[in-house]
Amino acid sequence: MQSWSDTALPTVPGAGPPLRLYDTADARVRPVTPGATATMYVCGITPYDATHLGHAATYLTFDLVNRLWRDAGHDVHYVQNVTDVDDPLFERAARDGVDWRDLGTREIDLFRSDMRALRIVPPREYVGAIESVDEVVEFVQKLLASGAAYVVDDAEYPDIYFRADANDQFGYESGYDRATMERLFAERGGDPDRPGKRDTIDALVWRAARPDEPSWPAPFGAGRPGWHIECSAIALNRLGPEFDIQGGGSDLIYPHHEYSAAHAESLVAGRRFARHYVHAGLIGLDGEKMSKSKGNLVLVSKLRNSGVDPAAIRLGLLTGHYRQDRMWTDEVLTDAQARLARWRSATALASGPVAEDTVARLRQHLADDLDTPKALAAVDNWVTQALEYGGPDTAAPGLVKTAVDALLGVEL
């Protein structure tokens, strides 16, 4: 599947400290230690609706990681999937009276457009679930052969499930207790009451073919991939075990990321799926959780179509720390638009205060678990001095403009 067009990153003089990020599995901030090529897998969309601010906040988080790695001189191998075959897609297509493939194509195109507008650096590999079916089939065969997966005793629909107890490490990524796992499994796409399962939290890896559903041939019977194994196969086959970062929203910690890690680790014994598990907080609207069911999604495309500068959307989302659940309000957007205008005015000046320390602080704050509130404050301080007092350094406005573009992704 084709990714969106690349975003050119300017080069900023100097270098910053190494990146440190909060790891969900270890429950602490610790150094990220990539080699010459930094590797990252971020779970992509299920394309049944337009890109909302929750999506944007997640992909913006990992865009910052990508930018910081590149600023440090790393090559970045970034992989993202698209779950272009799944129940929500079928349900929305049936509701709207359209073919599910056409719906998926339309929403993927819109997502690409939103990502380009937000200046998200594209993944090197952008992989659809449909493209990865052969990889999943091979993976499921290995799980069955190892005893990590089993076929339910159902003559009509012999689905295949992963045994949660197949991996001794299971549960380390989320750290949740059994009761929490059971609750979230039921709430987030699991099927605890499926007859024939050995454990209520065993996860589907292959859904046997049903009438009026797409399916693909396999040695163990026609069907389609489960959600978690799709990401496990795509990441493992492109990045290998123990890649640097697996990322996504905090609602993916369990079950999605727990199982995608467990699937891979059951085949690569004793190895972590990823060295770092990084999760972005969720975005709410005016005091309520933002969700499709509530009908209160703020869509990136609608903001753009109403004339909102995508740079202001970026700045608004950067106002809060990436790990915090936070609210989107009219005030957040208004403040972001005002900040953007001030930054553009200051960087358009013929000269300004010396900016090397500002750039150093910007790098330092971002390297410290992506502390964007402090990073924005560092730029704000320089902007205030430039607008109120001026300065003799003719290179400073250009340096700040370049650094804000390269590191924060905001074009001034």
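# A walk through the model

Start by selecting F139, K142, L143 and S146 in α4, then add H263, A264, S266 and L267 in α7: these two groups of residues are in contact with each other. Sorted by class, this contact brings together four nonpolar, three polar and one charged residues. Keep in mind as you look around that this is a predicted model.

Now show the two helices whole: α4 is residues 133-146 and α7 is residues 253-267. Two packed helices are described by the angle between their axes and the distance between those axes. Here the axes come within 10 Å and cross at roughly 60 degrees. Turn the view until one helix lies over the other, and you have a left-handed crossing of α4 and α7.

Next, pick C43, C231 and H256. UniProt, in an unreviewed entry, gives these three residues the feature "binding site". They span 214 residues in sequence, yet no two of their C-alpha atoms are more than 9.5 Å apart, so they gather at one spot. Zoom in on C43, and you'll find yourself in the loop between β3 (37-42) and α1.

From there, slide along to residues 45-55. The unreviewed UniProt entry annotates this span as "short sequence motif: 'HIGH' region". Its end C-alpha atoms lie 8 Å apart, and the span is 27% helix and 0% strand.

Time to look for empty space. Rolling a probe the size of a water molecule over the atoms shows where such space is left. How many cavities of 30 Å³ or more does a search of the whole structure find? The search turns up one, with a volume of about 50 Å³. To see its walls, select A57, L60, T61, L64, L317, L318, G320, Y322, R326 and T372. Two elements, α1 and α9 (310-318), each give two or more residues to this lining, and the largest share, four residues, belongs to α1. By class, the cavity lining divides into six nonpolar, three polar and one charged.

For the last stop, go to the second largest pocket, which holds about 200 Å³ of space. Select P17, P18, L19, L68 and A72, the closest to the pocket's centre of the 14 residues that line it. The elements giving two or more residues to this lining are α1 (53-71) and α11 (356-367). Helix α1 supplies the largest share here, with three residues. Colour the pocket lining by class and you should get ten nonpolar, two polar and two charged residues.

Key:
Residues are numbered from 1 along each chain as its sequence is written. This is a predicted model: local features need pLDDT of at least 70, side-chain atom pairs count only at pLDDT 80 or more; totals for chains, interfaces and linings use all residues. Side-chain values use heavy atoms; hydrogens and water are left out. On a 1 Å grid over the protein atoms alone, a cavity is a set of points where a 1.4 Å probe fits but cannot get out, and a pocket is an open set with protein on both sides within 12 Å along at least five of seven lines; lining residues have an atom within 4 Å of a point. Grid points are joined across faces, edges and corners, and a volume is the space filled by probe spheres set on the points. Ala, Val, Leu, Ile, Met, Phe, Trp, Tyr, Cys and Pro count as nonpolar, Asp, Glu, Lys and Arg as charged, and the others, Gly among them, as polar. UniProt positions are given in the numbering used here, feature names are shortened, and annotations may be inferred rather than shown by experiment. Axes are lines fitted to C-alpha atoms, for helices over the stretch in contact, and angles run from 0 to 180 degrees between N-to-C directions. A crossing is left-handed if the near helix is turned anticlockwise from the far one by less than a right angle, and right-handed if clockwise. Contact means heavy atoms within 4.5 Å.
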